[in-house]
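User: I'm new to this one and would like a close look at a single part of it. Could you walk me through the charged side chains and how they pair up?

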Amino acid sequence: MDKEAEAKLIRYIEKSTYRHRVFKTIGRGVKMPKEIADESGILQNHISNVLKQLKDKELAECLNPNMKKGRLYRLSEKGL
């Protein structure tokens, strides 16, 4: 990824307090939405929206998308 594209993604994350907090909370770990909500102080229904936004930009990924409960998320290679 070139520097300009990288800078654009960083600005995208930093534009939203929620995206920034979720991104930092996940870090290099693997977390469930409830854990992200608890650690970031953001309501869980907002976490779902933020995770969708991060997935749409290929910054985060769900490790077990077929599960209804207990989904696990991490930052993608692009997100790291």
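Analyst: Here is a walk through the charged side chains, starting with one glutamate and moving outward from there. Keep in mind that this is a predicted model.

Let's begin with glutamate 58. You'll find it in the loop between helix H4 (44-56) and strand S1 (60-62). Its backbone has a positive phi of about 60°, even though the residue is not a glycine. And is glutamate 58 buried or exposed? It counts as exposed, because its relative accessibility is 53% and the cut-off for exposed is over 50%.

So what does the side chain of glutamate 58 meet? It forms a salt bridge with the side chain of lysine 78, at 3.7 Å from N to O. This pair links distant parts of the chain: glutamate 58 sits in the loop between H4 and S1, while lysine 78 belongs to the segment after strand S2 (73-75), 20 residues apart. Lysine 78 is partly exposed, with a relative accessible area of 36%. As a general point, side chains of opposite charge can pair when their charged atoms come close.

Now move on to the strands. Glutamate 61 and arginine 74 also meet through their side chains in a salt bridge, this one at 2.6 Å, N to O. Glutamate 61 is in strand S1 and arginine 74 is in strand S2, so this pair ties together parts that lie 13 residues apart in sequence. Glutamate 61 is partly exposed at 28% relative accessible area, and arginine 74 counts as partly exposed too, at 36%.

For a pair within one helix, look at H3 (residues 33-40). Lysine 34 and aspartate 38 both lie there, four residues apart, which is about one turn of the helix. Their side chains meet in a salt bridge at 3.2 Å, N to O. Lysine 34 is partly exposed, with 46% relative accessible area, whereas aspartate 38 counts as exposed at 53%.

The structure holds five salt bridges, and those between glutamate 58 and lysine 78, glutamate 61 and arginine 74, and lysine 34 and aspartate 38 are among them.

Finally, there are some charges that gather on the surface. Lys8, Arg11, Lys15 and Lys57 form a positive surface patch. One of its members, lysine 8, lies in helix H1 (residues 3-15) and counts as exposed, with 59% relative accessibility. Patch members are residues with no salt bridge, so Lys8, Arg11, Lys15 and Lys57 stand apart from the pairs described above.

Note on methods: Residues are numbered from 1 along each chain as its sequence is written. This is a predicted model: local features need pLDDT of at least 70, side-chain atom pairs count only at pLDDT 80 or more; totals for chains, interfaces and linings use all residues. Side-chain values use heavy atoms; hydrogens and water are left out. Helices (H or I, at least four residues) and strands (E, at least two) are DSSP runs, numbered from the N terminus. Buried means under 20% relative accessible area, exposed over 50%, partly exposed in between (1.4 Å probe, protein chains only). Patches are made of residues with over 30% relative accessible area and no salt bridge: like charges are joined within 9 Å, nonpolar side chains (Val, Leu, Ile, Met, Phe, Trp, Tyr) within 5 Å. Accessible areas come from the Shrake-Rupley method with a 1.4 Å probe; for residues, only the protein chains shown count as cover. A salt bridge is a side-chain nitrogen of Lys or Arg within 4 Å of a carboxyl oxygen of Asp or Glu. Lys and Arg count as positive and Asp and Glu as negative; His and the chain ends are not counted. The place of a charge is taken as NZ of Lys, CZ of Arg, CG of Asp or CD of Glu.
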